[in-house]
Amino acid sequence: MIIKPKVRGFVCVTAHPTGCSAHIQQQIDYVKSKGPIQSGPKKVLVIGSSTGFGLGSRITAAFGSGAATLGIFFERPSEEGRPATPGWYNTIAFTKAAHAAGLYAKNINGDAFSDDIKKQALENITKDLGQVDLVVYSLASPRRQHPRTGAVHKSTLQPIGAPYTNKTVDTDKGIVSEVTIQPADEAGIADTIAVMGGEDWEMWMQALGDAKLLAPGATAVAYSYIGPVHTWPIYKDGTIGRAKIDLERAAKAIDAKLKATVGGRAFISVNKALVTQASSAIPVVPLYISILYKVMKAKGIHEATIEQMQRLFATQLYNGNQPKFDSEGRVRVDDWEMRDDVQAEVSKIWPQCTTENLAALTDIAGYRTEFLKMFGFGLPGIDYDAEVEPHLPML
Ligand code: NAD
Ligand code: NA
């Protein structure tokens, strides 16, 4: 079939297999161009490996350190007349490239919150890898069925305490408007913590530890976001922020256990705001990202997920470096985003933004380019008018 982007609000319902493959190759080339990461991870479990920061982590581990990787993700294959999700194509492209480079790469597609997928992962590690020395936890999900209670929790993106009004942008139509989001109730807060908090990460680490699958000195890392005052009511101080506080709680608990059992370590890396499928669904944030990209590109310090993850591995986790923790014990690769000079410019642009000046004052064009790239569109060297086979089997 001939596959074109079909954008519906903040999602694109199509994805291009060879475009996704070219996007993966760009990321592999970037990691290789930065040179090998010394004393890097060798056997890695990535939970949420098919897109975004988890994918960047997997590519960095494999092509920066020659790591064997087991990837866990939840993606949909192509169905009659409908291409697969980008994470499906990304994973196939990554796995082919890893195998061609002589690297071990295996995949499990299913619900990472379930006991069954954890069991499959443990069996796979036992059989093929023996132990893992790095566990990356990078899930972003709207729902979680709790494996003990069976209850289905849905996460929300809401403020807490009071309604929140701010500017937002319809990234597809380029319209800037005001949006008011009603606050979450206690149940909404609890549900969001159940989905995006740290309990599932702890369950994974407990299961791996009980099965003796964590190598001496093993590292565990999960990702968080803080951001500037403009987005605090919807992010840091909202329902998702509460879940991230719980993720930090889990990091400390896992760290204590890893130290006591295998001499390992666990922590949170606070990453930069970037266009991903997860972030594009948050009100207000895409406008902030469009302004941020404009400012950071002008200063020559813009990074995408792969640059962020390569920098995390090369300057904080490995290469003879020790993590430089903030006062809360977190690694900060959002350091460039949060620079005073960057945020001062964002704050200057923010109140001026309107539909009319959006293209001039913000990098809405860059936002759209990066958004489409996530689905395999706009990559150089791809003929988007050509027939392409959408049915690709998972490897
Ligand atoms: P993403 O949507 O690109 O990736 C999510 C991954 O989780 C995918 O691989 C998906 O297949 C997988 N997944 C979702 N539900 C699953 C399930 N039930 N079982 C198995 N796999 C499942 O998201 P992302 O933006 O890379 O987010 C990853 C982490 O990074 C999140 O904790 C997020 O809060 C954090 N983060 C994001 C940003 C940002 O700006 N995007 C910034 C800082 C931190
Ligand atoms: Na991810």
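## Surroundings of ligand 1

In this predicted model, 29 residues surround ligand 1, and those that come nearest are Ser-50, Thr-51, Ala-112, Lys-244 and Thr-276. Sorted by class, the shell around the ligand consists of 13 nonpolar, twelve polar and four charged residues.

Several contacts between ligand 1 and the protein can be described atom by atom. One nitrogen atom of the ligand lies 3.2 Å from a polar backbone atom of Gly-110. A nitrogen atom of ligand 1 is also found 3.0 Å from an N or O atom in the side chain of Asp-111. On the oxygen side, an oxygen atom of the ligand stands 2.8 Å from a polar backbone atom of Leu-274. Taken alone, ligand 1 exposes 840 Å², of which the protein buries 92%. Two elements, α2 (52–65) and β11 (214–224), give two or more residues each to the shell around the ligand.

## Strand β11 and its neighbours

Strand β11, one of the elements that contribute to the ligand shell, has eleven residues, nine of which are buried; the strand is therefore largely enclosed by the rest of the structure.

Strand β11 pairs with β6 (residues 132–137) in the parallel sense, over five bridges. Within this pairing, Tyr-137 has Ala-222 of β11 as its bridge partner. Strand β11 also runs parallel to β12 (residues 265–270), to which six bridges join it. Here Ala-222 stands opposite Ile-268 of β12. Ala-222 thus appears in both descriptions, as the partner of Tyr-137 and as the residue facing Ile-268.

The path from β11 to β12 involves a helix: β11, helix α7 (residues 239–262) and β12 make a β-α-β unit, and this unit is right-handed.

## Two residues with positive phi

Ser-39 is a residue other than glycine with a positive phi value, near 45°. Ser-39 belongs to the loop between α1 (17–33) and β3 (43–47). Its relative accessibility is 60%, and because the cut-off for an exposed residue is over 50%, Ser-39 counts as exposed.

Val-284, likewise a residue other than glycine, has a positive phi near 75°. The loop that holds Val-284 lies between β12 and α8 (285–298). Is Val-284 buried or exposed? With a relative accessible area of 0%, Val-284 is buried, since buried means under 20%. The two residues with positive phi thus fall on opposite sides of this classification: Ser-39 is exposed, whereas Val-284 is buried.

Definitions and conventions: Residues numbered from 1 in each chain as written. Chains lettered and ligands numbered in written order. Predicted model: local features only at pLDDT ≥ 70, side-chain atom pairs only at ≥ 80, totals over all residues. Heavy atoms only, no water. Near = heavy atom within 4 Å. Polar contact = N/O pair within 3.5 Å; in protein donor to acceptor, adjacent residues only side chain to side chain. Areas by Shrake-Rupley, 256 points an atom, 1.4 Å probe, with all protein chains shown as cover. Helix = DSSP H or I, 4+ residues; strand = E, 2+ residues; numbered from the N terminus. Nonpolar A, V, L, I, M, F, W, Y, C, P; charged D, E, K, R; others polar. Buried < 20%, exposed > 50% of the residue type's maximum accessible area, 1.4 Å probe, protein only. Pairing = 2+ DSSP bridges. Right-handed = clockwise from strand over helix to strand, strands pointing away.
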